[in-house]
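Me: Please take a close look at the charged side-chain pairs in this model and at what surrounds them. I would like cut-offs given along with each term.

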Amino acid sequence: MVGSKKHSTEEEAQETPRFQQKTLTAPAPFADETSCQCKAPHEKLTIAQARLGTPVDRPVRVYADGIFDLFHAGHARALMQAKTLFPNSYLLVGVCSDDLTHKFKGFTVMNETERYEALRHCRYVDEVIRDAPWTLTPEFLEKHKIDFVAHDDIPYSSAGSDDVYKHIKEAGMFVPTQRTEGISTSDIITRIVRDYDVYARRNLQRGYTAKELNVSFINEKKYRFQNQVDKMKEKVKNVEEKSKEFVYKVEEKSHDLIQKWEEKSREFIGNFLELFGPDGAWKQMFQERSGRMLQAFSPRQSPNSSPTRGRSPSRSPSPPWVINKTSPPSSPKAASASLSSMSEGDEDEK
């Protein structure tokens, strides 16, 4: 008996992950299209027991309800909290119909079918209950084997009651979740109403007719004219951006050219000073050439001779064997006289 109970418990534990695996790869089923997944006897649980993960033979069935119009991140976060309240939980989400919503809360943007489908494709939802009641009854809780109800703790006054969850709280079946600040369906609708003209012009530009947008003839022409003005502004803005880009490129190139010109100028001035400066190569070359020219035109000095005795430096004695070719003797008498003078000179030197 114990063995069979253990075997059945293992089979049910294996069935539950398979069903949860299915919800991650396919939309969550509707409650009226599937049988209740809780086959074990439904015993009432306390929150402390549920937090410990008991009972082991079935998940804790948590219920969350709402309108879920314009399904957004705030809705998803609330359902995530409801799904993760207990270690092993099965989340059922009730969605109110259009009739109930319009009666007790007001007109919705999405119809009930769209809202049902939005919930079916949320990863935290295991099952969707269509046409959920506005106030939860014991019969409804028993039918769907609901253990706990998850909702934010703010009193929800509606349908002549100060808090529609008051009897659930008194029964110890209420588990609070936290609201996400800064986002709600009312906030999204407020943004649309505040910027109505922008969205109307946007949809006209995308092909919607004035009749579909419930826009008058005058407003339609006004919106279309504003769209044309915006297009012209966009073109002017593009031209300005391109002009700024062109001017920037020209300035960049001019800066590069000026920088290169300055570098070349400094290089030219440096070369000029190196060639023609006070200590330049041209001056040294000029001095060398001037020295060579002066040396070429100046007379050469005769080699130094021994000092003469009582003789004029301009006159040098000629050896006796040198014959003066410039003035040959005109007569024999002159020749004899020159020979006698040469002999006298020799005696004087002796």
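Reply: A residue is called buried under 20% relative accessible area, exposed over 50%, and partly exposed in between, with a 1.4 Å probe and protein chains only. The model is predicted, so local features need pLDDT of at least 70 and side-chain atom pairs count only at pLDDT 80 or more, while totals for chains, interfaces and linings use all residues. Residues are numbered from 1 along each chain as its sequence is written, and side-chain values use heavy atoms, with hydrogens and water left out.

A salt bridge here is a side-chain nitrogen of Lys or Arg within 4 Å of a carboxyl oxygen of Asp or Glu. Helices (H or I, at least four residues) and strands (E, at least two) are DSSP runs numbered from the N terminus. Side chains of opposite charge can pair when their charged atoms come close. Searching the whole structure gives 13 salt bridges.

Take the pair between helix 9 and helix 10. Arg 201 makes a salt bridge with Asp 230, and their closest N and O atoms are 1.8 Å apart. This pair links distant parts of the chain, since Arg 201 sits in helix 9 (residues 196-205) and Asp 230 in helix 10 (residues 217-276), 29 residues apart. Arg 201 counts as buried at 16% relative accessibility, whereas Asp 230 is partly exposed at 34%.

Salt bridges with shared partners also join Asp 32, Glu 33 and Arg 130 into one network. Within that network, the side chains of Glu 33 and Arg 130 meet at 3.5 Å, N to O. That pair, too, links distant parts of the chain: Glu 33 belongs to the loop between helix 1 (2-25) and helix 2 (47-51), Arg 130 to strand 3 (residues 127-130), and 97 residues separate them. Glu 33 is exposed, with a relative accessible area of 57%, and Arg 130 is partly exposed at 31%.

A further salt bridge joins Asp 195 to Arg 194, with 3.8 Å between the closest N and O atoms. Asp 195 is partly exposed at 28%; Arg 194 is exposed at 61%.

Back at helix 9 and helix 10, the surroundings of the Arg 201 pair can be described through the packing. Axes are lines fitted to C-alpha atoms, for helices over the stretch in contact, and angles run from 0 to 180 degrees between N-to-C directions. On that basis the two helices pack at an angle of about 80 degrees, their axes 10 Å apart. Angles under 35 degrees count as roughly parallel, over 145 as roughly antiparallel, 65 to 115 as roughly perpendicular and the rest as oblique. Helix 9 and helix 10 are therefore roughly perpendicular to each other. Contact means heavy atoms within 4.5 Å. From helix 9, Tyr 196, Asp 197, Ala 200, Arg 201, Leu 204 and Gln 205 meet residues of helix 10, including Tyr 223, Arg 224 and Asp 230.

Other charged residues reach backbone atoms. A polar contact is a pair of N or O atoms within 3.5 Å; within protein, one must be able to donate a hydrogen and the other to accept it, and residues adjacent in sequence count only if both atoms are side-chain atoms. Arg 120 lies in helix 5 (residues 112-120) and is buried, with a relative accessible area of 18%. A polar atom of the Arg 120 side chain is 2.7 Å from the backbone oxygen of Ala 28. Setting aside neighbours within four places in sequence, Arg 120 is in contact with Pro 27, Ala 28, Phe 30 and Val 128.

Glu 112 is also found in helix 5 and is partly exposed, at 25%. The backbone nitrogen of Asp 98 lies 2.9 Å from a polar atom of the Glu 112 side chain. Outside its neighbours within four places in sequence, Glu 112 is in contact with Ser 97 and Asp 98. Ser 97 is 15 residues away from Glu 112 in sequence and 5.6 Å away in space, C-alpha to C-alpha.
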